[in-house]
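The following exercises are intended to be worked with the sequence and the coordinates at hand. Each task is followed by its solution in steps.

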4 protein chains.
Amino acid sequence: MGDILGRSLRLISFGESHGTLVGAVIEGIPAGLSITEEDVQKILDLRRPGQSEYTTQRRERDRVEIVSGVFHGHTTGAPLTMIVRNEDVVSSYYEEYRRRPRPGHADYIARLKYKGFNDYRGGGRFSGRITVSMCMAGAVAMKLLRTLKVEIIAYSLEIGGERARGFTLEEARAYRYSNPLRAPNEESYLRMSKVIEEAKAEGDSVGGIVEAIALNVPPGLGDPIFDTIEGDVSKAMFSIPAVKGVEFGSGFKAARMRGSEHNDPLVIRNGKISYLKNDHGGVIGGITTGEPVIVRVAFKPTASISKPQRTVDLDEMREVEIRVKGRHDPCIVPRAVVVVESMLAFVLADHAIRAGFIPRVLG
Amino acid sequence: MGDILGRSLRLISFGESHGTLVGAVIEGIPAGLSITEEDVQKILDLRRPGQSEYTTQRRERDRVEIVSGVFHGHTTGAPLTMIVRNEDVVSSYYEEYRRRPRPGHADYIARLKYKGFNDYRGGGRFSGRITVSMCMAGAVAMKLLRTLKVEIIAYSLEIGGERARGFTLEEARAYRYSNPLRAPNEESYLRMSKVIEEAKAEGDSVGGIVEAIALNVPPGLGDPIFDTIEGDVSKAMFSIPAVKGVEFGSGFKAARMRGSEHNDPLVIRNGKISYLKNDHGGVIGGITTGEPVIVRVAFKPTASISKPQRTVDLDEMREVEIRVKGRHDPCIVPRAVVVVESMLAFVLADHAIRAGFIPRVLG
Amino acid sequence: MGDILGRSLRLISFGESHGTLVGAVIEGIPAGLSITEEDVQKILDLRRPGQSEYTTQRRERDRVEIVSGVFHGHTTGAPLTMIVRNEDVVSSYYEEYRRRPRPGHADYIARLKYKGFNDYRGGGRFSGRITVSMCMAGAVAMKLLRTLKVEIIAYSLEIGGERARGFTLEEARAYRYSNPLRAPNEESYLRMSKVIEEAKAEGDSVGGIVEAIALNVPPGLGDPIFDTIEGDVSKAMFSIPAVKGVEFGSGFKAARMRGSEHNDPLVIRNGKISYLKNDHGGVIGGITTGEPVIVRVAFKPTASISKPQRTVDLDEMREVEIRVKGRHDPCIVPRAVVVVESMLAFVLADHAIRAGFIPRVLG
Amino acid sequence: MGDILGRSLRLISFGESHGTLVGAVIEGIPAGLSITEEDVQKILDLRRPGQSEYTTQRRERDRVEIVSGVFHGHTTGAPLTMIVRNEDVVSSYYEEYRRRPRPGHADYIARLKYKGFNDYRGGGRFSGRITVSMCMAGAVAMKLLRTLKVEIIAYSLEIGGERARGFTLEEARAYRYSNPLRAPNEESYLRMSKVIEEAKAEGDSVGGIVEAIALNVPPGLGDPIFDTIEGDVSKAMFSIPAVKGVEFGSGFKAARMRGSEHNDPLVIRNGKISYLKNDHGGVIGGITTGEPVIVRVAFKPTASISKPQRTVDLDEMREVEIRVKGRHDPCIVPRAVVVVESMLAFVLADHAIRAGFIPRVLG
């Protein structure tokens, strides 16, 4: 329940971490959009594990198959369905975690909620692997947004307390996907990689912050109540495992600003009305203003750590110590970057359709 | 568009700041809930303006009328409709703001989006006055939650950079609504009132953070994807004007923690499984754990300030200076406390119905 | 629960037969539509009781008030709310019906479902009076459709077994609302009035069929699965009390036709592709074809009759005889004509917005 | 767009007639329901083509694969996804039909609506093959309903004007799926088969009516407005290709009855309140009464006939004659019986969940 996101463009996510596959149906997709498996694969490849020493060693090709809704290389207007088969699955540990829930994971609460019927292998529906369905949807949404010239640039703004600095948007655009940590520039990358290595060496993990910036978003997307851009984006973001906070523009910092400092004056630039600065983060009153949409998403440190932790043996009802085995990212943030980008793209595409900026049939 | 929130329990908000009224329909409300206008009035009174020197001097009684869905003092299962008439309305300034949009407000973007058809008086649908519909819904949701013994305690955690400290939950519960700033204890209240007074004296405004804590929430509300508790709560929160960020539990601080530090170990307390601490904020994997749900909501400083600001005259297409007139809160946070409480209550009640914790007919 | 209809344009119905009022919120309404209370009143007046000897003598002015969403005579894009206050209410009989449910009414099942919490006065939410909210929505939908030149013509096709015949669409358009039975021509009117009078004299009632025809509907509205035009129209129609069947084009007669007889050949008329005939009723594969949309709606005879009937005394649990008092229509069909028209208009308007034929801001 | 049905239980249909596969996602499915591929296969086998001389000779095994949402033989609460691969596909004719649309099919209107981007092979999304997704959903819904002891019996009530008669419900239950026409008794079967053979011999087709009866439906499902049982069932039925009408209980016949004749008196039977007869068809005021739910669905004759028909060549814009090739059912009704049963089951299961009769976790 709850596996459908969006209103005019709807994403249905299905599949489990260690089941047959992970899939996505995109319903309400306009007809006539050019889309290929390569388009989607490119995005999936950006989240794939096993790409560097900083991510889990689970090796999967994650090959997308488009199984409905595309004909002669274009969307048909019918539901677009994509699947990725699960391959390199090792489920042996999970019998133990079902009995001895891992701290920071949903093992215990899932067993309670579903009275034990949930597929607990690999975390089931609670696994980061479900973000595969988000990325597939994001790939399609990005192609839709490209018809409006919208571009989204996301990167690791902070990892393990190391905040990126001294970079321009141009640098971030060029550099972020060429380094395994999705840092926006090399200096940040070096600092971030050091802090991850330290945590990893201690059998520990770190968290961080992803920042995403959407450029050329047409003004007028969103509604004041309840379907605000911020509300719909944040709802999408909190579906990504490990997210603990979402903010826009000045975000939490706004709480400490004066009105005279925070308010963004309107000005005329090149004969067009614009904003002098962008503390509002591209959205006022729930509606895009035409300025870049800026969102930051906070991720907690990876829950799976090899350090011993306290937990409860549910069968014996006694406190025990657990060591989480398996292959896990010491930091989830780098792989989450493209997921954040995807979810932002999806919500903006949904709103662009609702508001009539993207027609029901393209071309 | 977008004026409906929720799935099993749905809130429809209608009305404008300076129109005839502000109203709320609650659809999907279980039958048999005892509810009176006094129950709703109590909540409305907590957000009413004109209560102290710290809030706008607009004077309205904000008397709620229940006009459908209640019979013999109980809900009938039919849509519950509540209205509050607008009274002390002064619309004269708004012709100017329509032409010369106020920085920090949606004046400009609303005019653009709706091609000038929007009711701009008092900000129309973008006004904080629309939170009246949220409070009415919250009052009903709180009564629903009371059947589960859920209690929500919200307060001003931070105003103008002054963070509350040294208070217990007990103190906050007792003190928050007895002081105009909704501070959790007197020491914080004094610091906060000082910073507001300073800003006010300078014709400026300050922002802040509301913290809300829900106690006795049954474990098992929410879904991993997409209808997470965090996602649905944050969507509701971003509908409150001036919100820039939402976080749960450790929130953005989690980004700087180690996994070994952040993970909440499971323990046995009084023969029941529990968590040693609550960095997760009562939600893991989108699902409530039974620990208190903790959410923090960041508000920007009030956009309306009397200090002169730069803006554009849209008719003459030239930059001008504007001084915002009218009666405005130097800080919106105190009045937002009960709104945050209301929205949290509404989302939890919706999920409690979905998950079967609240039946379709009570009693 | 269930009081919201539509997807891009949503109607929320609220209010009860003998409560304070009956109301409608229209959410998702495009901005810039010219609408006045007179526009809505005209439609309401066509369903108002007390207009002839053939309808209930309950006398209500049914004055509509637009209380939100309209500014300077145009929709603003915000929820459009309309209310009609209940006036000539006599609730005294209903205590008896609650105890001794009237056959053909929902008295018994409503009491069971809501465990007695339902507002039973006047039938509450089950009353034909709730169609006031449908007509208000219909009035707005018709204005929306007028921007596409869509016109809907509905009339009583059959009453008490007397089927209208020998009329043209032109005659029906001119005559239907000038006679109290909404017959399409005078000859039919005379036959229908006779059969109603006979039933009335015997303390009995009759049913009938409403036919509605929508002209100039743009081709391409609707979807093959599941949001077909027929499906969405029929769902709306079955919300009108007393409806037992809905059919399109050849309808149930199609079941007895040969394919060679039923299939509508495509032809070229005036250089445009068209259909030789319209057995398909303007919809194929769930999608409008550009031919007139033809729907027929079957109404059972009015449940309230003065003849004695068998029922059960629920308190004493014994079979008793009941005579239904109060003021009731011997045939509901005439007053249902404008309701059918309204619901057809609403669904077509919703689909016209979804499909992009009506923009989000008009003018 | 529009490919999602239901509210608490949601069916997402995807796939095309001649694409890779046809699939269904069921979202909101309670956890703990025992379900196997065999359960679903049994229902699919009842609609499979190539089973008799009365149906198309397209030969497909239609093997269902459950690819998500089931673990250890039970639903997990996560989306349940099922697919059936398309096998015996011959798409060669459809290039011609795209250019020369077949009367009675959506060929022309689909091309127009989707500007030619639709997958026209085999009719794409407009094909009867899409009912595979409905049957898969129906199989799951039937298992859900079995927990309430609900049983649905559907059969061909009428084919080519030959109406079944002289049968009891017991006979229908036993006989319907043992004869290729789904007739309720042998005498009807013989008459129906004769009329189909005659039509087939002439290269023509016939229509008919399916009747479905749901037994043991708990009283209290459905809402008065707008989510009536009749409305939601009819919406589902009109998604089945070729449906032209839907009626409940006395249906269109009610239009010719007197109130005294139609009203179903309440009586006491075995100490329980019941209805003397069931002209209301198990639903009053949109809500189930506990009596059998009776629905009849009218199907037009199969559009594909080998007789020559008039149409238009869209490329040359001239009228032409077409002969529809391919393998088609001379009557679609027999294969539609299990589809009607499936859709009725799905809607009742959705409402049973909404109303709390089926819990979120079974067992």
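The exercises treat the overall form of one chain, selected residues, helix packing and the relations between chains.

**Conventions**

This is a predicted model, in which local features need pLDDT of at least 70 and side-chain atom pairs count only at pLDDT 80 or more, while totals for chains, interfaces and linings use all residues. Residues are numbered from 1 along each chain as its sequence is written, and chains are lettered from A and ligands numbered from 1 in the order in which they are written.

**Exercise 1. Describe the overall form of chain A: which radius of gyration does it have, and what share of its residues is buried?**

Step 1. Chain A has 9 helices and 18 strands; these are DSSP runs numbered from the N terminus, helices being H or I with at least four residues and strands E with at least two.

Step 2. The radius of gyration is taken over C-alpha atoms, and the globule rule is 2.2 Å times the number of residues to the power 0.38. For 363 residues a compact globule would have a value near 21 Å, and chain A agrees, with 21 Å. Along the principal axes, the C-alpha atoms of chain A fill a box of roughly 70 × 50 × 35 Å.

Step 3. A residue is buried if 20 or more other C-beta atoms, placed from the backbone, lie within 10 Å of its own, exposed if 12 or fewer do, and partly exposed in between. Of the 363 residues of chain A, 67% count as buried.

Step 4. Two residues are in contact if their C-beta atoms, placed from the backbone, lie within 7 Å. Among the contacts in chain A with a separation of 6 or more, 70% come from residues 24 or more positions apart.

**Exercise 2. Determine whether I35(A) is buried or exposed, and which residues it touches.**

Step 1. I35(A) is located in the loop between strand 3 (21-27) and helix 1 (37-47) of chain A.

Step 2. I35(A) is buried because 21 other C-beta atoms lie within 10 Å.

Step 3. Leaving aside residues up to four places away in sequence, I35(A) touches V70(A), T75(A), V140(A) and K143(A). The C-alpha atoms of I35(A) and I66(A) are separated by 9.7 Å, although these residues are 31 residues apart along the chain.

**Exercise 3. For H72(A) and K149(A), state the value of phi and the surroundings.**

Step 1. H72(A), in the loop between strand 5 (70-71) and strand 6 (74-75) of chain A, has phi near 55°, a positive value in a residue other than glycine. H72(A) counts as exposed, since it has 9 C-beta neighbours inside 10 Å.

Step 2. K149(A), in the loop between helix 4 (131-146) and strand 8 (151-159) of chain A, has phi near 70°, likewise positive in a residue other than glycine. K149(A) is exposed, with 10 other C-beta atoms within 10 Å.

**Exercise 4. Classify the packing of helix 1 and helix 9 of chain B.**

Step 1. Axes are lines fitted to C-alpha atoms, for helices over the stretch in contact, and angles run from 0 to 180 degrees between N-to-C directions. The axes of helix 1 (residues 37-47) and helix 9 (residues 333-354) of chain B come within 7 Å and cross at roughly 140°.

Step 2. Helix 1 of chain B is therefore oblique to helix 9 of chain B, given that angles under 35 degrees count as roughly parallel, over 145 as roughly antiparallel, 65 to 115 as roughly perpendicular and the rest as oblique.

Step 3. The contact is formed by I43(B), L46(B) and R47(B) of helix 1 with R335(B), V338(B), V339(B) and S342(B) of helix 9.

**Exercise 5. How is chain B related to chain A, and how many residues make their contact?**

Step 1. Chain B is superposed on chain A by a rotation of 180° with 0.0 Å of shift along its axis, at an RMSD of 0.0 Å; the fit is by least squares on the C-alpha atoms of residues with pLDDT of at least 70 in both. This is the relation of a two-fold axis.

Step 2. The contact takes 87 residues from chain B and 87 residues from chain A. Helix 7 (residues 229-237) of chain B supplies the largest share of the side of chain B that touches chain A, 6 residues.
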